[in-house]
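Trainee: I should like to request a close look at a single part of this structure, followed by an account of how that part relates to the rest of the chain.

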Amino acid sequence: MRLTTSSKSIGSKWIGRKWRPRLATVVVAILILVMSLPLVGLFFFRLYENQLIRQTEAELIAQGAAIAAIYAQEVRDAGISPEKLGVAMPLANGTTSRGANLDSPYRPIEPQLDLASDYVLQTRPVGIPATVDPAFAAIGARLAGILDATQKTTLAGFRLLDPRGVVIAGRDEIGQSLAEVEEVREALAGRYASALRLRIPNQPPPLYSVSRGTRVRVFVALPVAVDGKVAGVVFVSRTPNNIIKHLYGERGKVTAAAIAILGGTLLIGLVFLRTVSRPIYALIDRTQRIAAGERSAIRPLDHHGTREMAELSAAFLDMAERLQARSDAIQTFATHVSHELKSPLTAIQGAAELLRDSGSGMADEERRRFSDNIVTDAGRLNLLVRRLLDLTRAENLAPSGESTSVGAALALLPVDARLAVEVEAGGDLALRISSENAAIVLANLIDNSARHGATLISITAASASGRVSVLVSDDGAGISPSNQGRIFEPFFTTRRSTGGTGMGLGIVLALLKAHDGTIRLVDSERGTRFEITLPVA
């Protein structure tokens, strides 16, 4: 629990305490939104319903216009006197009330009903008994058959009215006046009129109550013009098509679609859970286990889901592995450092205590020997500290982008009287490393060779595939097979008694790594041979 609390506190340090939803919450919210979209759509179909209203009105206008044309021709053929016709068709600056120019051969009537804004009137008032003019009654009788046949196909209700608004054709309402009906009154005045009215109350299925369009009926009243006067009115009505009625009629298919939507949503959730959510939670758990020091947790996830998650997991595990290796190296390094510093410190402390406790009773020669030991061990400590600083600088060195050659680097080194250095080939090949750092690498190798009895060092450089290989060979005693695998370990040395720190090759290795280079021990018939590789400048 303590480790878990610590990891949470560290996490809050980086990401803050701002509330953030869990991934599962986001997924569930998205799935609910996906599932609700079809249901929400049912409450936003007013536009479609209004289009159905407009479509119904347009169809009634077309049907009424055809009946009006037939009726007008019948009035003309019957020779009805103008005195029996209605009011004159209204004019407004040479145009009709619908904006169509009287001189134009076309007088279109556009649908104008709007389910969202128009007031829905009460059910149509019943007719009032009235007297029918025989001339118009005869025309209605001749057209009744046409209206009945048309109604069977279009399902629209047709009423043909004379100039006074009395029904002359229209089933059981013949002889009744509809002049008090608002839209009929407008048409008798020569103006096109339409209205939305409540249907005659016959209870629709419960699902229909969601839709406003199921409760209305569209009424259209078209004035019939003969010789510029109103000769009658074609009064047409029909219940518009309704989306809810359609869905109710197709409820089996709607149910199948709902099941498909639910199944698709669950499938999306399962895929999302398996490909995103599950790997993320697994990686979080793996992170906590690694933070708790569980080395076995540094392994790939059982399931990555997506390529991005696999790359993220690989990058994280690679980072964790590097940090673990770094931690191990630091621990080992600290152990070696404490061991290396402990020996001279113990010797200094012992010699100092003897000098303090012996007082004037210690001989001058013995006192001098202990003093020399203190100075020697202090010098060793000083050397260790300097080498540690050199190693730290080498490990944290950033490439400078400079270049040099083996010959230029050797020119920076003082002449070593202990041995001779020869460049056999490639002394002028450009290496991607600064002259100072290259000189440090060569100086450490030359010093190691001189301390192991070498008298000659030969250097050969060759370029291949964008890299330069430098072979540094000596004629010394060589390295025993048992020590060859340990020469790059920090503080490993076979000449500790003569002041060796075992850090020279570590500094060389760190410098070369910082410049994308390598160093390795290669087989040699005599002495020691190192192969250094660096990028070509």
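Is Glu183 buried or exposed, and what is its relative accessible area?

Mentor: The model is a predicted one, and all that follows should be read in that light. Glu183 has a relative accessible area of 2%. The cut-off for a buried residue is under 20%, and therefore Glu183 counts as buried. Its place is in helix H5, which runs over residues 182-188. If neighbours within four places in sequence are left aside, Glu183 is in contact with Leu121, Ala193, Ala195, Arg197, Phe219, Ala221 and Phe235. Of the elements that touch on this list, strand E6 covers 216-226 and strand E7 covers 229-238.

A second buried residue with a polar side chain may be set beside this one. Gln63 is in helix H3, residues 46-78, and its relative accessible area is 17%. With a limit of under 20%, Gln63 is therefore buried as well. Beyond its neighbours within four places in sequence, Gln63 is in contact with Thr154, Ala156, Phe158 and Arg238.

Between Thr154 and Ala156 in the numbering stands Leu155, which belongs to the loop between H4 and E2. Leu155 has a positive phi of about 65°, although it is not a glycine. With a relative accessibility of 63%, Leu155 counts as exposed, whereas Gln63 is buried.

The wider setting is the largest nonpolar core. This core holds 33 residues, and Tyr71, Val75, Leu160 and Leu196 are the members that touch the most others. Two or more residues come from each of H3, helix H4 (134-154), strand E2 (157-161), strand E3 (167-169), E6 and E7. The greatest contribution is that of H3, with eight residues. Leu160 shows how such a member is surrounded: apart from neighbours within four places in sequence, Leu160 is in contact with Tyr71, Leu143, Leu147, Val166, Val167, Ile168, Ala169, Val233 and Val234. A second core, separate from that one, has 31 residues, among them Leu410, Val441, Ala461 and Val508.

Val508 leads to helix H12, which spans residues 504-514 and is mostly covered, with nine of its eleven residues buried. The buried residues are Gly504, Leu505, Gly506, Ile507, Val508, Ala510, Leu511, Leu512 and Ala514. After H12 comes Asp516, with a positive phi. Asp516 is in the loop between H12 and strand E11 (518-522), and its phi is about 60° although the residue is not a glycine. At 52% relative accessibility Asp516 counts as exposed, because the limit for that class is over 50%.

Empty space inside the model should also be considered. Rolling a probe the size of a water molecule over the atoms shows where empty space is left. Two cavities of 30 Å³ or more are counted, and the largest contains about 100 Å³ of space. Its lining consists of 13 residues, with Leu431, Ala438, Leu442, Ile532 and Leu534 nearest the centre. At least two lining residues are supplied by each of helix H10 (406-411), helix H11 (435-451), strand E10 (467-474) and strand E12 (529-535). H11 has the largest share, three residues. By class, the lining of the largest cavity is made up of twelve nonpolar residues, one polar residue and no charged residue.

One further position concerns helix H7, residues 251-291, where Gly264 is found. Gly264 is partly exposed, with a relative accessible area of 29%. Its C-alpha atom is separated by 9.9 Å from that of Leu31, although the two residues are 233 residues apart along the chain.

Finally, the chain as a whole. The protein chain has twelve helices and twelve strands. Of its 537 residues, 36% are buried, and Glu183, at 2% relative accessible area, is one of the buried residues. Among contacts between residues at least 6 apart in sequence, 70% join residues at least 24 apart. The accessible surface comes to about 31300 Å², and carbon and sulfur atoms account for 58% of that surface.

Key: Residues numbered from 1 in each chain as written. Predicted model: local features only at pLDDT ≥ 70, side-chain atom pairs only at ≥ 80, totals over all residues. Heavy atoms only, no water. Buried < 20%, exposed > 50% of the residue type's maximum accessible area, 1.4 Å probe, protein only. Helix = DSSP H or I, 4+ residues; strand = E, 2+ residues; numbered from the N terminus. Contact = heavy atoms within 4.5 Å. 1 Å grid on protein atoms, 1.4 Å probe; cavity = no way out; pocket = protein on both sides within 12 Å on 5 of 7 lines; lining within 4 Å. Points joined across faces, edges and corners; volume = space filled by probe spheres on them. Nonpolar A, V, L, I, M, F, W, Y, C, P; charged D, E, K, R; others polar. Core = buried A, V, L, I, M, F, W, Y, C linked by side-chain atoms within 4.5 Å. Areas by Shrake-Rupley, 256 points an atom, 1.4 Å probe, with all protein chains shown as cover.
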